Every structure is written in structure tokens, then in C-alpha cells.
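User: I'm new to this one and would like a close look at a single part, the strands and whatever sits around them. Could you walk me through it in plain words?

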Amino acid sequence: MDGSHLPRRTLRTASDLASEGLARDGVEQVAARYAVAITPAMQELLHVDPIARQFVPDAAELTLTADENTDPIGDQAHSPVKGIVHRYPDRVLLKPTHTCAVYCRFCFRREMVGPGSESLDANELAAAIDYIRSRPEIWEVILTGGDPLILSPRRLSEIVAALSEIPHLGVIRLHTRIPVADPARISDELVAALASDKAIYVVLHANHPGELSEAAIAACRRIIDAGIPMLSQSVLLRGVNDDAATLEQLFRTLVRHRIKPYYLHHADKAPGTSHFRTTLAEGQALMRQMRGRVSGLCQPEYVLDIPGGHGKVPVGRSYLDGDIVEDWRGQRHAYAQEAATKAL
Ligand SMILES: *Cc1c(COP(=O)(O)O)cnc(C)c1O
Ligand code: SF4
């Protein structure tokens, strides 16, 4: 790293990018259409190409394919009140804000997120929490957005406190990229805002081992040391993490720091993201290699969010084929499920 130049502010415009030598072809058009933000913490890591690829706008984003969709996972059809997505009976998404610390070029909500997008105001938030309170079948609330940890500790603690009072809730889960994107935000005050009698889980979004800087790991440690378990979710991205060695290092680093890999998402069909998408067969082949390379603790589930709002399902390959089961080396073994009884 060049110590003479310490980045100090988040880059948000084409001219900000140009001043840092990051303006690629088409950047003006891309920045006019989709939000851009590269925090100081991420600027320090842009020499790692798979990290730059996730945050620096690229002309490839202007290419739309026929199957891409502004609402790639069909959230809108399942939004009964503003800020809520209720797709499965027992759990809802609650999106208090559409702001993030960084804007990922492959984001599945890229049509919704951005600094100009409105957050829920006090009345809308109250209505969203009323919706949850009035439905006893809801057991888990997933705070997402945007990024819920961009909220001030005061606003966050108000939301956590209101949810904590709902008797039928068991779990409050927060999905965030802040520990990686802006680790300094994970202050003791912010962690204290997550205190609850409910089970709180924090799910970190991280895609490349290089994102797990010392500062990012220290931010996660503050959360975990407060008694909050952490999981991770990653998106399988071409040119970022679509090789077994990178995934192995990512999952090992996470587990080494007490973060359990939860999901590896197949990249959603958000507009202008085809350059990031692998095939499902490539994802399955990578997950198969993971089976032999890393411990079960390091295995996320490979999932696809079915376009149209039908939910997420595991899309890893099956190791069972009739009465044949395949081991991690690819060797096949007979497994009789209904053997005849033997006389003693
Ligand atoms: C992803 C998602 C969830 C959470 O799903 P899990 O499989 O429990 O992690 C819940 N609701 C919606 C609408 C989602 O998109
Ligand atoms: S942090 Fe999450 S919601 Fe925000 S831009 Fe990145 S992927 Fe999208």
C-alpha cells in the first residue's frame, strides 16, 4: 500500500472515482443509473482485483439480458405493508432503510437501494412492526435493507426493543455488510443496541477472503464477544470467488473467526449483472470440491432464490442416485434402503 495517500471519504460520484483513477468506460452512465459508494475501508483493498470488481462501476453493467428483472426475486408480490416482505409463513423481512455503506455492483436489490431511497418514517415503521405483532405465526424477523447496521445505535435499539416485546417472536436476525465495509461503525454502542432477550443472530455478507481485514475481524469479534452468534452469506460471483481455493480460504477464515458459513447464493438475475453470474453446474461443481476440501463447519448451503417470488431452495447436487451413493472422492457405493431380513 502507498502510505503517502490515505483515503478519507466515501467515493460516490463519477468524478470522485476519476480523482482516484477508478473511472472506467461508461462510469458516468452506470453511476447515473445505480448507486455507487466505496468506503475508505474498501478503498484500501481495491488493489485486490476480486474486491475492486465488487465495488468499482463497470461498463458491463449497462448490458441487460432478456431474463434480468428489476425485482429478480419477486419481493414486491409479497409486500403486504411498506418495509415488510412476507414470503414464508413463519418469517418476514423488515427493511427499515434502503441505504448501505457500500453499493455492490451485483446487488439483487440494486433497483431499490441507494442514498436517495427513502427509509421508513416513524409511522411506516410502527405500521410494519404492528403487522408483525398482529401475526402470531411470525417467529423470526430478518432485518435487511439496505443495511440495518447503517442505522444509528438509537434507532436500531428502538427497533430491537419494539421487536423484543412481541411474545411470539423467537429470533431477530440482521443481515449486514458493515463489519467488512465500514468496520469502525461497529462500536460498543451499536453492539449494545442489539441487546435483547430474543435470540439475535448477525449474518455477515462477505464474498472474498481479502474482505476479512484485521479491522473487519475485530468488528465481528465485538459482536460475537457480546454473545451474538454470527453466520455468513456469500454470493457466488464470476471473477471474484468462483474457484475452489478462494472459497476454501473464505470459509476457513470465517470459521476460524467463529462465523459459520450459512448460504452461498447463486447470483440473482438483477439488471446488468450477467458478467457476474456462473452457471448452476459450475456452482455445484465448486460445492462438490468443498465437500472434500473443508470441514462440515465450513460448508454453506448453495441456494437459489427462484425468480418470481417462490423462495430460496438448496441447489447443490445430490449425492444419492437411487440405491447408489457417491462419496466425496466421486466413488460410488451401493446403499440398500430396504434390505430383506436375515434369520438369526
Ligand atoms: C431469504 C429470505 C428469507 C430468509 O430465508 P432463510 O432461508 O430462512 O434464510 C425470508 N424471507 C424472504 C422474503 C427472503 O427472501
Ligand atoms: S450491501 Fe447488500 S443490499 Fe447493499 S448493495 Fe451490497 S448486496 Fe446490496
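Analyst: **Strands and their surroundings**

Let's start with strand 11 (residues 324–326), which pairs with strand 12 in the antiparallel sense over three bridges. Strands here are DSSP runs of E with at least two residues, helices are runs of H or I with at least four, and both are numbered from the N terminus. Two strands count as a pair if DSSP finds at least two bridges between them.

Before going on, keep in mind that this is a predicted model: local features need pLDDT of at least 70, side-chain atom pairs count only at pLDDT 80 or more, and totals for chains, interfaces and linings use all residues. Residues are numbered from 1 along each chain as its sequence is written, chains are lettered from A and ligands numbered from 1 in the order in which they are written, and side-chain values use heavy atoms, leaving out hydrogens and water.

Back to that pair: Ile324 has Ala334 in strand 12 as its bridge partner. Zooming out a little, there is an open sheet of three strands in the order 10-11-12, with antiparallel pairing. Its edges are strand 10 (320–321) and strand 12 (332–334), each pairing on one side only.

Now for another set of strands. Strand 1 and strand 2 run antiparallel, joined by three bridges, and a hairpin of two residues links them. In this pairing, Ile84 stands opposite Leu94 in strand 2. Strand 2 is also joined to strand 3 (residues 140–143), this time running parallel over four bridges, with Val92 opposite Val141 in strand 3. As background, strands of a sheet pair through backbone hydrogen bonds, either parallel or antiparallel.

These strands lead us to ligand 1. Its shell (residues with a heavy atom within 4 Å of it) is made up of Val85, Arg87, Tyr88, Arg91, Leu93, Ile142, Arg173, Tyr262, Tyr263 and Lys312. Sorted by class, that shell has six nonpolar, no polar and four charged residues. Nonpolar means Ala, Val, Leu, Ile, Met, Phe, Trp, Tyr, Cys and Pro, charged means Asp, Glu, Lys and Arg, and the others, Gly among them, are polar.

How do the side chains reach the ligand? A polar side-chain atom of Tyr263 is 2.5 Å from an oxygen atom of ligand 1, and one of Arg87 is 2.8 Å from a ligand oxygen. Lys312 has a side-chain N or O atom 3.0 Å from an oxygen atom of ligand 1.

Ligand 1 sits in the largest pocket. The elements giving two or more residues to its shell are strand 1 (84–88), strand 2 (91–94) and strand 7 (259–266). Strand 1 provides the largest share, three residues.

A pocket is found on a 1 Å grid over the protein atoms alone, as an open set of points with protein on both sides within 12 Å along at least five of seven lines. A molecule sits in it if more than half of its atoms lie within 2 Å of its grid points.

Ligand 2 sits in the largest pocket too, surrounded by Cys100, Val102, Tyr103, Cys104, Cys107, Arg177 and His205. This shell splits into five nonpolar, one polar and one charged residue.

Two backbone details round this off. Gly145 and Gly146 are joined by a cis peptide bond, with omega about 10°, and Gly146 belongs to the loop between strand 3 and helix 6 (153–164). Arg258 has a positive phi of about 70° although it is not a glycine, and its place is the loop between helix 10 (244–256) and strand 7.

How values were computed: Polar contact = N/O pair within 3.5 Å; in protein donor to acceptor, adjacent residues only side chain to side chain. 1 Å grid on protein atoms, 1.4 Å probe; cavity = no way out; pocket = protein on both sides within 12 Å on 5 of 7 lines; lining within 4 Å.
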